[in-house]
Amino acid sequence: EKEGYAHFMMKEINEQPKGVYDTLHRRLDKEDNIVLDGIKLTKDDLDKINKVYIVACGTAYHAGLIGKYAIEKFAKIPVDVEVASEFRYREPFIDENTLFIAVSQSGETLDTLAALREAKRKGARILSVVNVVGSSVARESDDVFYTWAGPEIAVASTKAYTTQLVSMYLIALHMAMTKGSLTNEEYKKYIEELKAMPGKIEKILENNEVIQQLADEQFNSENVFYIGRGLDVYVAYEGSLKLKEISYIHSEAIAAGELKHGTIALIEEGRLVIALATQDKLYDKMLSNIQEVRARGAYVIGVAKQGNKEIEKSADKVIYIPDTLDELSPILSVIPLQILAYYIAVARGCDVDKPKNLAKSVTVE
Ligand code: F6R
């Protein structure tokens, strides 16, 4: 079943080019228009929607954060993202002009399901982004956008996440084109780049050994920090969660600009910092942050686009991803973080596919 891989997690990491390809191409017609089939998001519907909530847990929540960015940037509709276990216990403003998007691999996460039911009761339109066909979340939604990751066995989510990202981008782009808030040229640019993603992920996977070597050097680290700016912050959250859940190393992800508001107090000699610097607009700012933590003794592994080599002067080591558009870079930048967490966990002798205390789907409160 593992097809020669030592763990399902590594098999699933390697299935991401296919998952991303399938999720994308199920939704594109011959002219590269996005087809949502049964999903009813007409111009009339969208003109009514004045608020979007994206609600999910864990890794799916991290995908939701990037969904917020995409919907606000492309479709110009305000979006709130919240973890389901909090959303359901407050009083969010929901009415018939609200679009509620639930994101869930399993479609069985109890908190997500309960939040969905609450939103439905208050009249919201329910769209879900789900991997498991016919799951509870899918059945109770008005519309379902399926991710085509295939079955995900490892407890730590990898291919579900990247296919959720592709889905969020497609939903956002579709909304934008329906509303007319994006030009054809811009649309084409994003679709072309999405189509290039499977090949670019392959390139990172071929680079596996470089990351394994870094993991073998760093597996004894404690209290690891993940920093980034812009979309990189959300990818940092996901990278940190991956490391925690499978290697049991405590880690924390924060917006790099927040360092000096407190967390930098914890940076000391030898502290491992993973610094994401994939956003062109924020690149120089990130280099300053890297210098800031290195001046206090941190050991910095940078993640950057291969065209941006300047980072080599600031970071101790750099993992490169292929060049891409800033807006879509999370699909690529998360891959090295998954691989790094995996090899660190393996080096520590952890049960990678079945981490302690965790279940694949959380059907209790
Ligand atoms: C982390 C992980 C969890 C899930 C979360 C939501 O690797 O797998 O954080 O993402 O429990 O699960 P689903 O997506 O099934 O609702």
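Start by selecting strands 6 to 10: 5 strands form an open sheet in the order 7-6-8-9-10, and the pairing is parallel. Strands here are DSSP runs (E, at least two residues), helices are H or I runs of at least four, and both are numbered from the N terminus. Two strands count as paired if DSSP finds at least two bridges between them. This is a predicted model, in which local features need pLDDT of at least 70, side-chain atom pairs count only at pLDDT 80 or more, and totals for chains, interfaces and linings use all residues. Residues are numbered from 1 along each chain as its sequence is written, and side-chain values use heavy atoms, with hydrogens and water left out.

**The sheet with strands 6 to 10**

Colour the edges next. They are strand 7 (251–255) and strand 10 (317–321); each has a single partner strand, so one side of each is left without a neighbour in the sheet. Neighbouring strands are turned by 20° against each other on average, direction ignored. Now zoom in on strand 8 (residues 272–277) and strand 9 (residues 299–305). They run parallel and are joined by 6 bridges. Pick Ala275: Gly302 in strand 9 stands opposite.

**The sheet with strands 1 to 5**

Move to the other open sheet. Its 5 strands follow the order 2-1-3-4-5, with parallel pairing. Strand 2 (79–83) and strand 5 (143–146) are at the edges, each with a single partner strand, so one side of each lacks a neighbour in the sheet. On average, neighbouring strands here are turned by 20° against each other, direction ignored. Select strand 4 (residues 125–130) with strand 5: 4 bridges join this parallel pair. Which residue in strand 5 is the bridge partner of Leu127? Asp143 is.

Add the helices that lie across this sheet. Helix 4 lies across strand 1 (51–56), strand 2 and strand 3, running at about 175° to strand 2. Helix 6 (residues 110–121) lies across strand 1, strand 3 and strand 4, at about 165° to strand 3. Axes are lines fitted to C-alpha atoms, for helices over the stretch in contact, and angles run from 0 to 180 degrees between N-to-C directions. Contact means heavy atoms within 4.5 Å.

**Helix 4 against helix 11**

Keep helix 4 and add helix 11. The two pack at an angle of about 175°, with their axes 10 Å apart. That makes helix 4 roughly antiparallel to helix 11. The angle classes are roughly parallel under 35 degrees, roughly antiparallel over 145, roughly perpendicular from 65 to 115, and oblique for the rest. Show side chains on Gly58, Thr59, His62, Leu65, Ile66 and Tyr69 of helix 4. They make the contact with Leu231, Tyr234, Val235, Tyr237, Glu238, Leu241 and Lys242 of helix 11. The contact residues divide into 8 nonpolar, 3 polar and 2 charged. Ala, Val, Leu, Ile, Met, Phe, Trp, Tyr, Cys and Pro count as nonpolar, Asp, Glu, Lys and Arg as charged, and the others, Gly among them, as polar.

**The largest pocket**

Stay with these helices and turn on the surface. The largest pocket has a volume of about 620 Å³. A pocket is an open set of points on a 1 Å grid over the protein atoms alone, with protein on both sides within 12 Å along at least five of seven lines; a cavity is a set where a 1.4 Å probe fits but cannot get out; lining residues have an atom within 4 Å of a point. Grid points are joined across faces, edges and corners, and a volume is the space filled by probe spheres set on the points. Of the 26 lining residues, Cys57, Gly58, Thr59, Lys360 and Val362 are the closest to the pocket's centre. Helix 4 (58–75), strand 3 (98–104), helix 8 (159–179) and helix 11 (231–247) each give two or more residues to the lining. Helix 11 gives the most, with 4 residues. By class, the lining has 10 nonpolar, 9 polar and 7 charged residues.

**Helix 2, helix 9 and the cavity**

Select helix 2 (residues 16–25) and helix 9 (residues 184–206). Their axes come within 8 Å and cross at roughly 175°. That makes helix 2 roughly antiparallel to helix 9.

Finish with the largest cavity, which has a volume of about 40 Å³. Select its lining: Glu31, Asp32, Tyr187, Lys188, Ile191 and Glu192.
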